[in-house]
Amino acid sequence: MRFCYYLHSSRGLAPLVLLATLASPGLHADSSVALGTQGALARVGQTQDALKNGTAASFGSPVTDDRRLFKLRWRLPWLLVGGGGMGAVPFATGFTATSVGTPPGVSLLAEPVETGGLSALIPSLAIGEADKLAQAQVGVISSSVGHATIVDRYTNSPDGTPRMIGALVEGNLAGLGGQAMVGDVLDAPSFSAARIYGRPVMWFLAPDATFQPNELDLDPRTELTGMWVSGLTGALDAAAPCACDASALVWMAGWDNEGAFLDNQVVKTILYLDLNALGATAGAAQRTGVGAHPGVQVMFDAAGFRADLSGEMNFGTDGYQARYFDRLYALERVSSLGDVGKPKVDVERPASWGYSARLGAGFAEMITAFVEARDQFPMDPLRGANSGQLTVGASTFLFFFGGAVTASQTGITDYLQPNLLGPGFVVTGEGRVALVANVLHLVGRAWRAHLPAGDSPDDFIVSDGTTLGVEVNLDFL
């Protein structure tokens, strides 16, 4: 269970502008470049979580290690917020004020609920581990599919939305594996995805090894014959809201291939290439687009020290958007973040290219640190703006301390008027420290945003603030 008490302070705010910005959450590196600087503050506030607990059942703080066989988490659906109120707190977007009496200057906010008022009772239950022999998630779910070029950290219940009952199953053998997920079992057409993959060389040269347990490396033939992995991924929203008379069908399909030149418990070196397509049956951007994602993954793990390095480029034609089904899709399918009232299917998807890179390191699972960078650029600068994002974070087993800072800037590739640290610049930070074992946590958050207020790079309004919270966390593992 989690209970948060937040104190808030802010200065230099333009309440009406900020409220409008928060009501139309914004932009990060995988959004359509057509959105420009619109809604940058709220989007970065929502995606502060580059390495947080993937189930999204917590309020967003990083964790030291989430590799556990059984996880059951549930958060209380209320926030106590002081100071400027919900409209000035990006981390409370979606929560609503209640009529419960509180001390002056403090408001009790409630998580939105579906009809019947039971959605806030839905927990996050996970059994097994991702990429291992088997995994299942029920309730609040969050996961990527394959190399995350189609489905990237999708969660069925982003912070500030009614929780849904989702389901995910995954199985991995030495030569064959698959994954399937449904965002809402009561509304399956709203989102579903599946992937099946295999190691074709193993099927022919070592067929008896195909069904051995994954990741055990018991059979030396599996390393050589398992070098090539090929998979097919599909994801769709069969009832996507749109500005047309009826709902639209939005789909993505992809063929991924990877070569594992080294793949053991100590060293991994993997190259991959995903070829994807994205299409929609209605909406302003209903044309079909295609994209390519070449990437590399490197891992070293010895003597308690582990380092992970990954990098990827992406290139897409008109109508294509990398990672269309991302962490915020459950919000954006109804109202695109950065364009009030426009469903995501109606947002233009101009041709673009981008990159992502991440470096992480840790020792004995007691201290970890990471840095992650992403950016997306329009092929035609007149049709949009880039959306760079940089995140750094660290966590330690001692006092269960963890923290992350995310900085985002749109439009820095305007060669005539570059606006680094100008309109569209947002930085958010979050940290936690355990006060009593791993049960009572002190959580702090802060942000600074430069909100556009004119046509010049010098015309912007500064919005900043801080929050401080106490969180009770009881995990059953």
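Visitor: How many bridges join β12 to β13, and do they run parallel or antiparallel?

Guide: Seven bridges join those two strands, and β12 and β13 run antiparallel. Keep in mind that this is a predicted model. One pairing to look for is Ser192, whose bridge partner in β13 is Leu236.

Visitor: Which strand does β11 pair with, and by how many bridges?

Guide: Strand β11, residues 176–182, is joined to β12 by seven bridges, and that pair runs antiparallel. To find your place, start at Ala180, because its bridge partner in β12 is Ala194.

Visitor: What should I expect of side chains along a strand?

Guide: In a regular strand, they alternate between the two faces of the sheet. As for how many strands there are here, the protein comes to 24, along with five helices.

Visitor: Where is confidence lowest, and where is it highest?

Guide: The general idea is that where pLDDT is low, the predicted coordinates should not be read in detail. In this protein the lowest confidence is in helix α1, residues 15–23, with a mean of 28, while strand β12, residues 192–198, is highest at 97. Two stretches also call for care. Residues 45–65 have pLDDT below 50, yet the model gives this stretch 83 contacts beyond near neighbours in sequence. Residues 84–88 are below 50 too, with 14 such contacts. For the protein as a whole, the mean pLDDT is 76, and 72% of residues reach 70 or more.

Visitor: Which residues touch the most other members of the largest nonpolar core?

Guide: The general idea first: in soluble globular proteins, nonpolar side chains tend to be buried together. In this model the largest nonpolar core has 24 residues, and those touching the most other members are Val151, Met181, Phe191, Val250, Tyr324 and Phe325. Strands β13 (228–240), β14 (248–263) and β15 (267–280) each supply at least two residues of the core. Of the strands, β14 gives the most, with three residues.

Visitor: What is Phe325 in contact with, leaving aside its neighbours within four places in sequence?

Guide: Its contacts include Ile150, Val151, Asp152 and Tyr154, and also Phe191, Ala235, Leu236 and Asp237. Val250 and Met252 are on the list as well. You have already met Leu236 as the bridge partner of Ser192.

Visitor: Is Arg323 buried or exposed?

Guide: Arg323 counts as buried because its relative accessibility is 3%, and the cut-off for buried is under 20%. Arg323 is found in the loop between β17 and α5 (329–332). Its side chain makes a polar contact with the side chain of Glu312, at 2.6 Å.

Visitor: Which residue has a phi near 50°, and where is it found?

Guide: That is Arg153, with a positive phi in a residue other than glycine. Arg153 is in the loop between β8 (142–143) and β9 (154–155), and at 23% relative accessibility it counts as partly exposed. Ala303 is another non-glycine with a positive phi, of about 55°. Ala303 is found in the loop between β16 (289–302) and β17 (305–316). With a relative accessible area of 79%, Ala303 is exposed.

Visitor: What share of the protein's residues count as buried?

Guide: Of its 477 residues, 51% do. The accessible surface comes to about 19800 Å², and 69% of that belongs to carbon and sulfur atoms. As for contacts, among those between residues at least 6 apart in sequence, 62% join residues at least 24 apart.

Technical notes
Residues numbered from 1 in each chain as written. Predicted model: local features only at pLDDT ≥ 70, side-chain atom pairs only at ≥ 80, totals over all residues. Heavy atoms only, no water. pLDDT = per-residue confidence, 0-100. Helix = DSSP H or I, 4+ residues; strand = E, 2+ residues; numbered from the N terminus. Contact = heavy atoms within 4.5 Å. Buried < 20%, exposed > 50% of the residue type's maximum accessible area, 1.4 Å probe, protein only. Core = buried A, V, L, I, M, F, W, Y, C linked by side-chain atoms within 4.5 Å. Pairing = 2+ DSSP bridges. Polar contact = N/O pair within 3.5 Å; in protein donor to acceptor, adjacent residues only side chain to side chain. Areas by Shrake-Rupley, 256 points an atom, 1.4 Å probe, with all protein chains shown as cover.
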